[in-house]
Amino acid sequence: MKITVVGTGYVGLVTGTCFAETGNDVTCVDIDVKKVEKLSSGQVTIYEPGLEKLFERNLKEGRLHFTTNLEEGISEAAVIFLALPTPPGEDGSADLSYILKVADQLGHLLKDYKIIVDKSTVPVGTADKVHAAIAKNATVDFDVVSNPEFLREGVAVEDFMKPDRVVIGTSSERARKIMADLYAPFVRQGNPVIFMDEKSAELTKYAANSFLATKISFMNEIAILCERLGADVDMVRRGIGSDDRIGKRFLFPGIGYGGSCFPKDVQALVKSSQTVDYDFRILNAVMDVNEAQKVFLLPKIESYFENNLQGKHFALWGLAFKPNTDDIREAPALYIIDRLLAAGATVSAFDPEAMPNVKQLLGDRIHFAEHQYDALDNADALIIATEWSVFRTPDFEKIRTNLKDQVIFDGRNLFESPRMQELGFHYESVGRQAVT
Ligand code: NAD
């Protein structure tokens with residue numbers, strides 16, 4: 001099948017590459033000229049495990065093309081995916097301008113029947129808006145389908161190739177058949193393709209992300225209680241997670257959720273609720289808890305250094321909002337850095353993939369270390385903000401010799417507290433008692 005993906009970011013590039021991998025002929029369209037040049041010349045523009053191999057193979061075999069020209073990009077496509085940004089607008093609701101602008105253009109460009117698929121995360125009612133924007137100028141028949149994407153950055157290729165489920169919102173029988181064919185190779189193991197109406201599909205994506213964010217904020221509040229009441233959140237987590245109704249996943253406390261999805265999607269659902277006169281109380285609390293959680297380590301750090309961080313130097317491991325990605329959007333590490341710099345401290349950071357993105361944002365306001373252990377040189381303490389695997393079993397002897405003071409603030413609970421005590425560290429984490 002000939003497919004076009006408009007918007008070649010995290011979702012668009014993974015979607016395009018994975019559809020090419022199952023034999024489709026895919027054209028990716030983006031307005032970013034540099035991005036299109038890089039991709040056309042064989043350079044992958046994001047870090048995503050497994051993507052490079054697939055990308056290279058499909059580019060070489062002529063199943064992946066890149067262009068900045070929308071008209072040329074869609075001319076032969078049967079299905080056009082919109083994987084465009086939907087950032088928060090000024091009031092927190094999803095900004096649909098990227099999507100509606102392309103929809104408007106498509107109205108002028110469609111020459112035969114095509115399916116236009118919203119892959120972006122969009123509020124309920126967007127499929128109707130996209131339909132209306134295209135219909136304004138279109139002279140041919142077309143369908144608009146809602147097909148929200150559930151991939152996780154860091155395991156995006158795996159998630160796309162073997163999705164837990166595919167959600168397709170459409171009321172068109174013609175579109176339903178084509179979409180079912182397109183996704184058939186990805187659900188061979190029997191995972192469901194769930195067909196529904198457009199509005200339910202749109203809400204499914206927001207409900208999923210908001211539920212997961214709720215789980216995180218809930219555990220973060222349990223962690224706070226554990227610290228105050230003398231309990232251990234690891235024990236509580238295991239205790240509740242073995243109940244099937246609760247499940248083991250997404251129960252790890254930490255320094256809050258970040259990234260390009262949870263913060264904006266939770267906020268957008270709250271805004272959507274307000275438009276129909278509903279105050280989504282749980283989600284307001286989820287957001288409040290997360291705001292505080294991003295800088296949860298700060299009071300601990302301030303208290304350890306007697307409320308004076310002026311002239312202190314910190315090593316920071318982890319900048320990406322989560323491991324296995326170079327994405328730093330809404331990363332808790334950035335909030336920690338801001339607070340440390342404002343208090344007169346300096347920071348030397350290390351991240352396996354995200355340093356170039358942070359360098360672009362912060363320039364020389366912090367130091368970037370070449371190696372994780374170099375970041376520790378002369379540091380008064382180590383702060384851990386992202387649970388990259390390479391941080392999980394470090395050389396503690398090296399940490400000890402490089403750090404000025406044997407102090408670790410761990411926002412991701414990477415180590416066992418008794419072990420850290422044995423090794424002679426002052427160790428503070430989330431939801432567990434500090435050891436020294
Ligand atoms: P992104 O910012 O990484 O990519 C968007 C791309 O669209 C950019 O390359 C940009 O240059 C391009 N673009 C902007 N305007 C354009 C136009 N007029 N024509 C062509 N290209 C244009 O965004 P993303 O992370 O891929 O997210 C896209 C959507 O998918 C969002 O709605 C997001 O909420 C949703 N989503 C993201 C994830 C994720 O993990 N990143 C997961 C599921 C869903």
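**Helix α8, the core and the ligand shell**

The buried residues of α8 pack against four strands: β4 (79-82), β5 (114-118), β6 (142-146) and β7 (166-169). This is a predicted model. Helix α8 itself spans residues 173-183. Its buried residues are A175, I178, M179 and L182. Seen down the helix axis, the buried residues of α8 fall within an arc of 100 degrees, so they line one face. An α-helix has 3.6 residues a turn, so residues three or four places apart point the same way. The face of α8 turned away from the buried side carries E173, K177 and D181, which are exposed.

Now to the nonpolar core. In soluble globular proteins, nonpolar side chains tend to be buried together. Here the largest nonpolar core has 122 residues. L316, L382 and I383 touch the most other members. Helix α9 (residues 198-229) gives this core its largest share, 8 residues. Leaving out residues up to four places away in sequence, L316 touches A333, I337, V347, A349, A375, I383 and A385.

Next, the ligand. It has 26 residues around it. Which of them come nearest? They are G7, G9, V11, S120 and T121. Two elements give two or more residues to this shell: α1 (10-21) and α5 (97-109). By class, the shell has 12 nonpolar, 8 polar and 6 charged residues.

Last, the confidence values. The chain has a mean pLDDT of 97. A pLDDT of 70 or more is reached by 100% of its residues. For the complex, the predictor gives an ipTM of 0.99 and a pTM of 0.94.

Terms used
Residues are numbered from 1 along each chain as its sequence is written. This is a predicted model: local features need pLDDT of at least 70, side-chain atom pairs count only at pLDDT 80 or more; totals for chains, interfaces and linings use all residues. A residue is near a molecule or strand if its C-beta atom, placed from the backbone, lies within 6 Å of it. Ala, Val, Leu, Ile, Met, Phe, Trp, Tyr, Cys and Pro count as nonpolar, Asp, Glu, Lys and Arg as charged, and the others, Gly among them, as polar. pLDDT is the predictor's confidence in each residue, from 0 to 100. A nonpolar core is a set of buried Ala, Val, Leu, Ile, Met, Phe, Trp, Tyr and Cys residues joined through C-beta atoms within 7 Å. A residue is buried if 20 or more other C-beta atoms lie within 10 Å of its own, exposed if 12 or fewer, and partly exposed in between; C-beta atoms are placed from the backbone. Two residues are in contact if their C-beta atoms, placed from the backbone, lie within 7 Å. The arc is that of the directions from the helix axis to the C-beta atoms.
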